[in-house]
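Me: Please look closely at how the charged side chains are placed in this chain, and then set that part beside its neighbouring loops and helices. I would like one connected account that also says how far the model can be trusted.

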Amino acid sequence: MAGTSRRPLLTRMRVLVPVLVVLVLIIVGGVSTRLYTDLLFYRSVDFSNVFKTVVFTRILLFGLFGAVMAIAVGTNIVLAYRLRPPSDLSAEQQSLERYRVAIEPYMLPVLLAVSAVFGLLAGLSASSRWRTWLLWINREPFGEVDAQFHRDISYYTFTYPFQRFLLAFLLTAVLLSLLVAVLTHYLFGGIRLQSPRDRVAPAAKAHISVLLGLLALLKAWAYYLDRFGLVFSSRGVATGASYTDVHAVLPAKLILLFISLACAVLFIYNIFQRGWTLPLLGAGILVLSSVVIGGIYPAIVQQFQVKPNEASREEPYITRNIGATRSAYGIQDVEPVSYPASTDANAEEIAADTGTVPNIRLLDPNKMSPTFQQRQQMRAYYGFPQTLDVDRYTTTENGKPTTRDYVVSVRELNQAGLSDDQRNWINEHLTYTHGRGFVSAPSNTANSGLPAFNQFDLPERGDLGVKESRIYFGEMSPEYSIVGTRQAEIDGPGPGDTQLTTSYDGDGGVSIGSSFRRALFALRFGEPNIMLSSDITGDSRILYERNPRDRVSKVAPWLTLDGDPYPAVVDGRVTWILDGYTTSDAYPYSARVTFGDVTADSVTAQSRNRTQQPENKVNYIRNSVKATVDAYNGTVTLYAWDEQDPVLRTWMKAFPDTVRPKSEISDSLKEHLRYPEDLFKVQRDLIGSYHVDNARDFYSQEDFWEVSESPDDTGKPQPPFYVYSQLPGRAKPSYNLTSPLISARSSKLAAYMAVSMDSDNYGKFTLLQLPPGATINGPVQVRDAIEANADVTSTLTLWRGQGSQTIEGNLLTLPVADGLLYVQPYYVQARGSTGYPILQGVAVAFGEEVGFGSTLADALNDLFGAGAGDRAAGAGTSAAPSTTGESGTGSGTTTTTPGGDLASAVAAAEGAYQAGEKALAKSPPDFTAYGKAQQDLQAALNRLRALTAQSTATPTPAPSVGATGGAATPGASASPGTGAASPSPAAASPSPSPG
């Protein structure tokens, strides 16, 4: 019978084994392919040491902890089986006998399978903790101790997390061993639940008692570690061990530790005693003690000793929290400075400002992408990201070096612009491989409402000294491209409407010349054409992992990266710059924040190219690394920025020779390093509370600040802004990251926060604190006041007609004339897919007053009186586009706008807009008629702007222009000096209609 019953099982096994073998081969093949192609990537960027260290560490942890778990579980199964008593003929044992008969012939395979499963799961879990292991094994001291236990901070950040992980693993191992031991003893008669005599055999009792004793010992270790975990307690007013924790919980943990040790002794002693009375009594005492001593007693202390006198009881512990938090987040040196916040200023005071007013940003990088797209796309297969970036550059103007704030971006490859006929594997992966061009425009200048590009067009023109502008590695790059093939790569438009081609000659990517590698990458990307294509040669290379953030994340997996990489021109090459953070959630007494929450704002919520941070808890952060990625060859370079950071030193010890010293950062790169936005967001959130350094005042929370909601009605916090301005007390303008802060108890402005990033002031904070009781409006209130202004309302009503819409730009807060000046540009955009924002007006507010005009100068004159806008005369909507053919900063000519009433101007604009729409709707589009309509529309808009601003001097009615050059015929391709749009409807756009 036994032989007969085994035959179906053997038959099934014969069928299953080949299937399992094939499945295993597929899994192993897929994993091996991924690992090897990853290794090739790491070799291509000279970071193979990172790959080897991570893989070796994961294998080590998998093998070590997996083996320990498998041995622990397997040993206890064997022990329980060996210690089985002779079987008897009781009904209970007879019912179990059939299971024994079925299992015993396969005891060894079952033992190995059970052990392997538990070992596999434990090994996989442990291998994911490679960061914890490397931090512990390579730990570096902080040189500072905590206030309660006087241990170096490194114990809490590096050692304590590993100890908790090890404890959790050992508890799991012992619990699983206890579980399999009890089951095995029951199956083979060591435990007889229905026996009238001893229900547990002596051998089984001894086995189980030892395991229970081990559990009690581990519980004692847990209580010991819990003592140190109190420095992260959230019981009190602030993070860290509170009065109750120190005076009630800490002694309770010590008592429970000794009770656990006593229980362990009782479990071992029980081996020599009959029954389970003593260990059960000990376990009961432990449970009761944990409830009474560990729970009820601290609650009584908290309720009857702390609550009635909380401010005084918690004062020393709040002081600890304030000091630790300020140190952990790098804000220990930030001190508020009293600022008068005047609400009255005259034209002379505003005109005397030479550092801030001339540099006020009018082009919002978060709103200008469609304008860059339509004016500088050049071809349908190019594009710009949803939000642009800002940076500062020093150029020569009138023979003098001048530093300005610029809106910048790169013209990336956008394969979504290819037509359906163009979409095939060769075009998408061999022909259209890269973007081309760095585009920039001064943020404080506009030509007829459009950016005055100073780096623009294809072939490229400008004054930033760009030598290599091809973008093979960017935020919009496709998953992979193969270069150096027999197919020519499209390289954008050339002179005279020619189509340029190129062949990649860099050393980026991985050689794909051999059949073996082609097969590997065909498997990785699931694309047989990689293997079959005859266009791929021995010199071909495959470019993958092309997003700059992804590349840095792979070579430095221990870093948390800022959400906004930005491009810069460094030594003539387009270079992506990224900020890397070292973080921890185990800094004693420091307040914890959710990184994803405090870095979210109205921009990250809507932008596809701003990475939202993970919802991780942190209570320590440093901008320890500056990283660069070359846009042409993908070279990744890491530089130590905060060389004193113990977390960075630990990671550099774990991954030697991967991070270069700070001294190797070139001067040309330093000119473009910014203070990182996500770090600033975290710090401003904490400064709102931790600018208060007195424990009693902190407890009252009376003077707490918070980040204002964004005025754009998204319900998200207002983002900080990079601006080039002169801060109070400074001798000259500097590049700053700024944010206003409002009172937590009202929407009134409470403070102004800025951090500089010039070489001599990098990282220096300025915190202007308004006088108590100041009633200066916050950003949301200012926005409401602007739109409630009668002049503004009437103008916006005209602009928000049937054919157009208004877009509000960034509402900047700037310290000017001992007060705070708000500035908000207004753009008008035609409705429909072809519309793009054009600057048409500027609103300013100071105190309770609002000014408005077609230019910043007009708005300042409207608010403060004639002459106030003299310094801003060149920073508003300039008279006309440059016609020099060289740069967007050339001078144009000014004429007087023809008169007329508002109604006729609106009607003319509406008619021109409709004529343009009809021209584009034809098949094929009538670009000649469209060009005429766009010229008429621009003229009507100029006229309307002049009438609404009551200005006498206005721009000459401008034809459709390119970047900053002369007139361009709509639909014509770009040529030197014109900056015209590409020959497609998507590349041309009508100007917006006011109504």
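Reply: The confidence score used here, pLDDT, is the predictor's own confidence in each residue, on a scale from 0 to 100. The chain has a mean pLDDT of 86, and 86% of its residues reach 70 or more. This is a predicted model, in which local features need pLDDT of at least 70 and side-chain atom pairs count only at pLDDT 80 or more, while totals for chains, interfaces and linings use all residues. Residues are numbered from 1 along each chain as its sequence is written, and side-chain values use heavy atoms, with hydrogens and water left out.

Two stretches deserve caution before anything else. Over residues 1-5 the pLDDT stays under 50, and the model has zero contacts (heavy atoms within 4.5 Å) for them beyond four places in sequence. Residues 875-900 also stay under 50, yet for this stretch the model has 79 contacts beyond four places in sequence.

To come to the charged side chains, the structure holds 35 salt bridges, a salt bridge being a side-chain nitrogen of Lys or Arg within 4 Å of a carboxyl oxygen of Asp or Glu. One of them joins R610 and E677, whose side chains meet at 4.0 Å, N to O. R610 sits in the loop between helix 17 (595-598) and strand 22 (617-618), whereas E677 belongs to helix 20 (residues 677-690), so this pair ties together parts that are 67 residues apart in sequence. Helices (H or I, at least four residues) and strands (E, at least two) are DSSP runs numbered from the N terminus. R610 counts as buried because its relative accessibility is 10%, and E677 is likewise buried, with a relative accessible area of 7%; here buried means under 20% relative accessible area, exposed over 50%, and partly exposed in between, with a 1.4 Å probe and protein chains only. The R610 and E677 pair does not stand alone, since both residues are part of a network of salt bridges that links D564, D601, R610, R674, E677, D678 and K681.

A second pair is formed by R622 and D642, whose side chains meet in a salt bridge of 3.8 Å, N to O. R622 lies in strand 23 and D642 in the loop between strand 24 and helix 18, so the two tie together parts 20 residues apart in sequence. Within this pair, R622 counts as buried at 15% relative accessibility, but D642 is partly exposed, with a relative accessible area of 21%. A third pair joins D391 and R392, with the closest N and O atoms 3.7 Å apart, and both of these residues are buried.

The loop that holds D642 leads to helix 18. At the N-terminal end of this helix, D645 acts as a cap, with a side-chain oxygen 3.2 Å from the backbone nitrogen of V647; a polar contact is a pair of N or O atoms within 3.5 Å, and within protein one must be able to donate a hydrogen and the other to accept it, while residues adjacent in sequence count only if both atoms are side-chain atoms. Helix 18 covers residues 646-654, and its buried residues are P646, V647, L648, T650, W651 and A654. These buried residues pack against helix 2 (48-82), helix 5 (130-137), helix 6 (153-187), strand 20 (573-584), strand 23 (620-630) and strand 24 (636-640). R622, the salt-bridge partner of D642, is therefore in one of the strands, strand 23, that also pack against helix 18.

Some loops elsewhere have unusual backbone geometry. Most residues other than glycine have a negative phi, and most peptide bonds are trans. L458 and P459 are joined by a cis peptide bond with an omega of about -10°, and P459 lies in the loop between strand 10 (455-456) and strand 11 (461-462). D457 is found in the loop between strand 10 and strand 11 as well; although not a glycine, D457 has a positive phi of about 70°, and at 1% relative accessibility D457 counts as buried.

D713 likewise has a positive phi, about 65°, without being a glycine, but D713 is exposed, with a relative accessible area of 63%. The loop that holds D713 runs between strand 25 and strand 26, and S708 also has its place between strand 25 (705-707) and strand 26 (721-725). S708 counts as buried at 3% relative accessibility, and, leaving aside residues up to four places away in sequence, S708 touches P717, Q718, I742, P779 and V780.
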